[in-house]
Amino acid sequence: MTVLTFKGGIHPKYNKDNTASKPITSLAAPKEIVIPLSQHIGAPARACVEKGDAVKRGQVIGEPGGFVSVPIHSSVSGEVKAVEPRLGAMGVAVPCVVIENDEQNEAVEFERLADWKKVSPDTLKDKINAAGIVGMGGATFPTHVKLSPPNNKPIDTVILNGAECEPYLTADHRVMLEHAEHVVEGLQIIQKILNAKTGIIGIEENKPDAVSAMEKACEGTDIKVVRLEIKYPQGGEKQLIDAVLKKEVPSGGLPMDVGVVVQNVGTAKAVRDAVVDGIPLIERVVTVTGSAVAKPGNFMVSIGTPVSVVLEHCEVDLEKAGKLILGGPMMGFAQYSAEPPVAKGTSGILVFEEKDVEVTHPLPCIRCGRCLDACPMRLVPADIAAYSDKRMYDKADANDALDCMECGSCAHQCPSQIPLVQKIRLAKSEILAAKRKKG
Amino acid sequence: MVTALSVLCGVGLVMAVLLAVGRKAFAVEVDKKLELLMKIMPGANCGGCGFPGCSGYARALADGKAEPTACPPGGPTLAEEIGKILGIEVEASEPMVALVSCAGGNDASPKRSQYSGIEDCKAAHAIAGGPKSCVYGCMGLGSCIHVCSFGAIYKTANGLVRVDPEKCTGCKKCVETCPRNIIKMVPKKADVHVLCNNPQKAKEVKAVCSVGCTGCKLCVKQSKAIEVTDALAVVNYRADTKISDTAALACPQNAIFDSRQYSITDWLENPATKEAFKKRAADWKAEEKKRKAEAKAKAGAKKDAAEKKEAANGDKEGDA
């Protein structure tokens, strides 16, 4: 079988062996659950419960704040203790609903749908919207928005992203192994909504068991399973489209510009659960691993469970920890506290011992061009970073800084350890600020 | 040779005549005022006036589209000169300087995480709210230093930045750059400042900084020119009242800086100065307590005497 890929990218150490063979186990929800009202890209949800209210599992506690927004549901039954700002994954306090878990696990009645094939696409989309589903690979873009392309942009292909190219993470891998049928059914629902004929599932070669599991689940359907080269960022939307379809998304454009929608395999499973079982997005698979984790594994965690609770379960000594990351090591967010809760986009919790944490000391650029070879978007990171240093943001824009997706490949390859991504990110925010000012 | 000479001289003469005539005929009219204005511009091209450089400002002035007081580096002297050229009255404006309203250095507000990224406050602030435990405080990475055209901003030893009021021209570039809005414009002659920018309540402030304002309002009792909004004391620089030095002494957090007593460098970087101030403040507080107690005792005694008198009167009345 041929192995597909794109130009550029890097080969970091994958370190997935610790958790790849560990089945997903459920983690009991703790006494106190903290659910952020903004776990997605777009307008934050508005709290629709108050202190003292009794809530059930699956009950809506936050209403969407706009079209690009999703409702938030309670992941436990109990009493609302407070609606107040708490520390979130971005390092700042965000509005949260704090719920005291009564451990009765009393759920609202989930509206099941026997045969989704007979229902109109709009009804399916409404169900997905009502379930609060967002992209679960980590970008957390509301799924119903992605499934509503404008009429002039017909979609012919849906690609499911099972690459899981971030090192350490194995959550998607386990979902594909343990819920293959559900993932395929989710893809079929997405195809029906978009009226897309082709469905493709892309999986990196280092997961042969997942490839065969998915191939088995796809038997009797038109869905194709393709193998991808083991390379980061193989799971990037534009890289995946390049690898699978040999199509290039135009600069500044979206996959729908070439008639494609890309969804994560975890999202596909969530779509299936929402449509068929009527269960909103109230729990997700989280990979907990790293050198400071005594008992690594893949866990089904209730949304709103504080990271510290998960780490306690995995026997992590936070005193010895040198670094805590939510998400993958390449694009995740480093934390200074274990207080933030697990949110819809938390695909992994990585904890490293202090001795494994490398502190970088940037040196001058030697014009070696390794960042250029690594950039999957075919940009020249060193140039954009240099313009950023000199505050020449218009020049950075002319060099397509806004096309950078901040995957970190360039900084990973840089022999001078220059924080290229941070420099480019600064340039991007300045360019966007200038554009907003212009109107 | 004579021919050659005469031809050359002839050509020269003709050209000279042509040039002389051309100069008169095709003269470009230059505004005299603009020329004069260009000469007196400070030439810093800082953009503080809101126009593209000094020449842009001069042109706008000549066209009557700009205020003569808009040039921060030039200040009132320049405004006066501009007024003379344009033939208008210029009201003297108060010179303003930038002030970094944070005194929570590394000792007072320690770092909560290690940061090894680029030396830029905006970039650092974008990563989990920055490495400093107080998210309203100065990170001292110096984005403001880069934009200052006058070299008026410098780093202190304890991880803050400071504006030299003598070098500051009030162009406000640093004010716009600071991602946390810590830099404020204050009158150059103002001598008392609240060096804190954290609007949170006492408990939250104390958790992240030992010199942060908790909004306790003890300073407000000492001076009417200090106001408390959102649990943060702010000096009302427009108020006419002079702030007494007891305002700084009354602050339990030592968040008020009085430039009449100490230099800013000593205040921020010299522990001995802080200790001396703390002792002074403690003495003052003790004295104040004593004074209050005495006043209370006096009032009590007076009241007692009055009551006795009243009682005596009552007795008398009763007797009568």
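Two strands count as paired if DSSP finds at least two bridges between them. With that rule in mind, this tour visits two groups of strands in a predicted model.

**First stop: the parallel sheet.** Select strand E11 (residues 198-204) and strand E12 (residues 224-228) of chain A; these strands run parallel and are joined by 5 bridges. Within this pair, Ile200(A) stands opposite Lys224(A) of E12(A). Next, widen the selection to the open sheet of 5 strands in chain A, whose order is E1-E12-E11-E10-E13, with parallel pairing. At the edges stand strand E1 (3-4) and strand E13 (260-264) of chain A; each has a single partner strand, so one side of each is left without a neighbour in the sheet. In general, the strands of a sheet pair through backbone hydrogen bonds, in either a parallel or an antiparallel sense.

**Second stop: strand E9.** Select residues 93-101 of chain A, which form strand E9. Strand E8 (residues 78-87) of chain A runs antiparallel to E9(A), with 9 bridges joining them. One position to display is Pro85(A), whose bridge partner in E9(A) is Pro95(A). E8(A) and E9(A) form a hairpin with 5 residues between them, and Gly91(A) in the turn has a positive phi of about 85 degrees. Now add strand E3 (residues 32-36) of chain A, which pairs with E9(A) in the antiparallel sense over 5 bridges. Here Val34(A) has Val98(A) as its bridge partner in E9(A).

**Last stop: a charged patch.** Select Glu100(A), which lies in strand E9. Is Glu100(A) buried or partly exposed? Glu100(A) counts as partly exposed because its relative accessibility is 35%. Finally, add Glu79(A), Asp102(A) and Glu103(A), which form a negative surface patch with Glu100(A).

Key: Residues are numbered from 1 along each chain as its sequence is written. Chains are lettered from A and ligands numbered from 1 in the order in which they are written. This is a predicted model: local features need pLDDT of at least 70, side-chain atom pairs count only at pLDDT 80 or more; totals for chains, interfaces and linings use all residues. Side-chain values use heavy atoms; hydrogens and water are left out. Patches are made of residues with over 30% relative accessible area and no salt bridge: like charges are joined within 9 Å, nonpolar side chains (Val, Leu, Ile, Met, Phe, Trp, Tyr) within 5 Å. Accessible areas come from the Shrake-Rupley method with a 1.4 Å probe; for residues, only the protein chains shown count as cover. A salt bridge is a side-chain nitrogen of Lys or Arg within 4 Å of a carboxyl oxygen of Asp or Glu. Lys and Arg count as positive and Asp and Glu as negative; His and the chain ends are not counted. The place of a charge is taken as NZ of Lys, CZ of Arg, CG of Asp or CD of Glu. Helices (H or I, at least four residues) and strands (E, at least two) are DSSP runs, numbered from the N terminus. Buried means under 20% relative accessible area, exposed over 50%, partly exposed in between (1.4 Å probe, protein chains only).
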